[in-house]
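Subject: Structure handover

Hello,

Here is the structure for your work, followed by notes on what turned up in it.

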Amino acid sequence: MTLLLLDETCPPCKAPVDFFLTSEQEHKLTHGEGINSNSNSEDQTPHLPGHYKDHTPFWRKEILIMDHSIDSTTLLPQDGEKPIKPPSRFRPHILLFTVVLSCGVGVTLLVTGFITGPTASHDNLHSQSLSLTKGNTQSIHNLASSTPEEVPAPNTTLACPKWETFNVKAQGDKDFSRNCRVVVAEVGGFEVTLCESMRECGQGYFLLKRLDKAQCDKAMARSISWDYEFDAWMKKEIGPDAFVITFSGPQRAAPSDWRHMGNCIYKHPFRLTNTGNYTVSIVHSHENFEAVQEKDRTWLRPVNNNLLVNWPMHICSSHCKPFTSDMIDKMTLPVCGRWHPTQGVYLRSVEGHMLEREKYKVENFHNPYYWHPLACKYDQLFELGSNSECHQKNHSVKFFGDSQVRVSWDITDRRLAGTREPLRNSGHDGVRQNYFHNDQSLNDFWDNGKEMAAPPDPSKHRTMIDFAGRDGYLLWFTSEYVTNPDYWRLGDPALPYPETNRIDRKLREFDSVLFNVAMWPMSGVRDGGQYSAGRFKAMFSWIVETMMEMNHRRGSMNVGPINFIWHGVSSYPLTRTQDINDDTPIRKDWRSPYRLKIWSDLAENILTPSVQLATSIRRVDTFEMTHPFIHEAPDTAHYFTTPAVEAETDDILHKLNLCERP
């Protein structure tokens with residue numbers, strides 16, 4: 001009998017965005033046509049994020065029993081029942097002959113070296129200590145399932161980066177173990193090793209190894225979730241420790257494809273698109289699973305130990321020309337897709353090479369980084385009065401969610417008006433409408449005493465965007481029918497549009513809805529938070545189902561379906577030591593970048609189990625946009641004075657498609 005465990009990942013698995021599609025590719029995909037990619041990335045097989053290439057949903061876990069004495073493959077029964085095994089159809093003498101023959105072949109292969117002994121097991125590979133070999137080619141860590149990069153010919157020049165998207169998972173699977181060096185032998189209880197490609201500029205990973213094995217074993221023995229499958233998955237894939245790695249220089253990056261290799265050895269892959277001189281900082285933020293555990297109702301005790309601070313790193317600065325904004329602006333690129341998250345990078349703004357819309361943002365933020373989508377372009381940014389003709393479409397947009405969406409509403413409002421005025425604060429009050437559409441609502445969302453920007457002539461701006469007020473649990477879409485009167489009287493012939501509920505009718509006038517949820521369910525226990533990943537998954541699935549049903553009913557109101565846009569899950573700044581006070585242990589806030597990333601990936605994969613669903617709700621990946629700036633959030637929560645909010649707005653406006661372009 002052979003036991004086949006199809007368990008490449010587990011529920012709320014950590015599956016990064018694997019493939020990015022242009023609008024033309026999306027059209028071909030949804031119409032059953034093939035997709036050709038001009039990218040030279042290693043893994044360009046088109047498949048939806050969160051799926052394997054056989055289109056199996058990432059969280060699906062099946063245990064199959066394959067027995068040659070049984071006619072068919074049988075699923076393990078539920079509730080611990082034992083499977084009933086049918087009588088064997090093999091005759092005894094045939095079975096005996098097969099066993100003897102198999103044993104003979106196995107012994108022969110073992111003697112001749114085709115089968116290794118038990119010392120080469122996966123677990124033993126990970127338990128080996130990291131050690132340097134002689135010569136320039138160094139092997140630090142055996143990545144077990146991956147093939148090490150081939151050593152190039154002598155004097156080979158590394159290939160310069162291309163302006164292209166790449167498969168995040170495939171990038172993380174690469175093995176550069178033949179070219180590694182120990183950066184720091186011991187700092188904060190860790191050994192820091194850098195492994196880099198010998199063929200491609202800007203590709204590599206950091207290996208972070210905890211030196212105290214006893215402490216690692218103790219952490220791995222901790223029970224961290226009531227869901228035993230999720231517990232096992234986090235121990236295998238995430239590990240007890242959490243880190244934030246930030247690259248600053250020609251590009252700002254904070255890669256989030258972290259991986260636990262076993263025995264508290266962590267792999268942090270990176271791929272930098274721009275070349276030049278960088279500094280790297282590594283913060284050990286949490287230990288003992290504090291960043292992700294969901295069983296003990298405690299607060300997240302941070303470590304915040306700096307393993308590297310502004311460590312210099314040089315990426316092919318001698319022979320590769322870096323990308324600049326004006327260079328990219330002259331490229332002939334396809335329009336970015338409107339359904340899938342847009343992969344992009346923050347490039348450092350260079351004097352004399354900035355775009356007009358880039359200059360005022362650098363002045364506003366005093367932060368010299370500007371977001372660029374990779375290998376595609378946006379076609380409606382409403383910058384400085386551009387695309388003003390699209391206001392004639394009279395679109396109405398409703399914003400739902402927590403304060404992260406409120407900030408996006410504020411920035412989108414300014415962008416649609418064509419103003420250079422930045423958002424200088426993060427007000428928390430008011431159900432409000434954009435003041436550029438109706439300047440009488442200025443007082444509804446500016447705090448008393450704050451200086452107010454003079455609005456342009458409202459007659460020139462007919463696009464309406466409306467903020468529903470902070471609703472961190474999306475109660476419009478998650479309340480029980482029995483407790484929410486907005487859902488009552490569905491099918492009542494005495495009402496207008498009897499096949500709809502009150503929520504349907506409230507949203508009848510809107511063309512688009514942008515929404516998020518995560519921060520409040522993950523917040524402190526007294527705020528109703530501390531959701532487990534499983535509970536978040538159930539809530540988010542409910543929200544998506546409600547939205548799909550709502551669009552199904554909108555035809556009865558003689559209006560088209562709502563363009564739903566998932567805002568994504570923003571990253572969250574680390575809790576700094578100086579911010580900890582007597583209230584912190586009482587609030588018991590669970591928000592951490594690691595937990596938010598897991599939930600972000602979980603939401604992404606709930607939204608993409610089929611082509612139909614993947615082309616029903618558009619998606620923005622705010623985690624990847626905000627994570628590079630978590631050390632610079634002005635109020636330790638939001639990003640309104642960083643380039644991240646402008647990057648979000650670029651993608652939001654592209655997904656809203658107010659100009660109604662293909």
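The largest nonpolar core in this predicted model has 80 residues. Those with the most contacts inside this core are F206, F247, I282, M313, F515 and F540. The element that gives the most to the core is helix 13, residues 533-553, which supplies eight residues. There is also a second, separate core of 40 residues, and V283, V620, L653 and C659 are included in that second core. As background, nonpolar side chains in soluble globular proteins tend to be buried together.

I282 can serve as an example from the largest core. Not counting residues up to four places away in sequence, I282 touches V192, F206, L208, F243, V244, I245, N305, N306, L307 and L308. One of these, F206, is itself listed with the most contacts inside the largest core.

Disulfides

The count comes to six disulfides. With the bonded cysteines numbered in sequence order, the pairing reads 1-8, 2-3, 4-7, 5-6, 9-10, 11-12. Three of the bonds are described below.

C160 is joined to C320, with an S to S distance of 2.0 Å. The torsion about this S-S bond is about -90°, so the disulfide is left-handed. C160 sits in the loop between helix 3 (122-127) and helix 4 (168-173), and C320 in the loop between strand 12 and helix 7, so the bond ties together parts that are 160 residues apart in sequence. Are the two ends, C160 and C320, buried or partly exposed? C160 is partly exposed, because its relative accessible area is 31% and the partly exposed range runs between 20% and 50%. C320 counts as buried, because its relative accessibility is 7%, which is under the 20% limit.

C216 and C264 form another disulfide, with their sulfur atoms 2.1 Å apart. Here the torsion about the S-S bond is about 95°, so the disulfide is right-handed. C216 is in helix 5 (residues 213-220) and C264 is in the loop between strand 9 (259-262) and strand 10 (265-271); the pair links distant parts of the chain, 48 residues apart. C216 is buried, with a relative accessible area of 4%, and C264 counts as buried at 1%.

C390 and C659 are also bonded, with sulfur atoms 1.9 Å apart. The torsion about their S-S bond is about 105°, so this disulfide is right-handed. C390 lies in the loop between strand 14 (369-373) and strand 15 (396-401), while C659 lies in the segment after helix 18 (643-656), so the pair ties together parts that are 269 residues apart in sequence. C390 and C659 are both buried. C659 is also included in the second core mentioned above.

Two loop positions

S317 is in the loop between strand 12 (305-315) and helix 7 (325-329). S317 is partly exposed, with a relative accessible area of 42%. Leaving aside neighbours within four places in sequence, S317 is in contact with G276 and N277. The C-alpha atoms of S317 and N274 are separated by 9.4 Å, and these residues are 43 apart along the chain.

V350 is found in the loop between strand 13 (344-348) and helix 8 (356-365). V350 is partly exposed at a relative accessible area of 34%. From V350 to P250 the distance is 9.1 Å, C-alpha to C-alpha, with their positions 100 residues apart in sequence.

Regards

Definitions and conventions:
Residues numbered from 1 in each chain as written. Predicted model: local features only at pLDDT ≥ 70, side-chain atom pairs only at ≥ 80, totals over all residues. Heavy atoms only, no water. Helix = DSSP H or I, 4+ residues; strand = E, 2+ residues; numbered from the N terminus. Buried < 20%, exposed > 50% of the residue type's maximum accessible area, 1.4 Å probe, protein only. Core = buried A, V, L, I, M, F, W, Y, C linked by side-chain atoms within 4.5 Å. Contact = heavy atoms within 4.5 Å. Disulfide = S-S within 2.5 Å.
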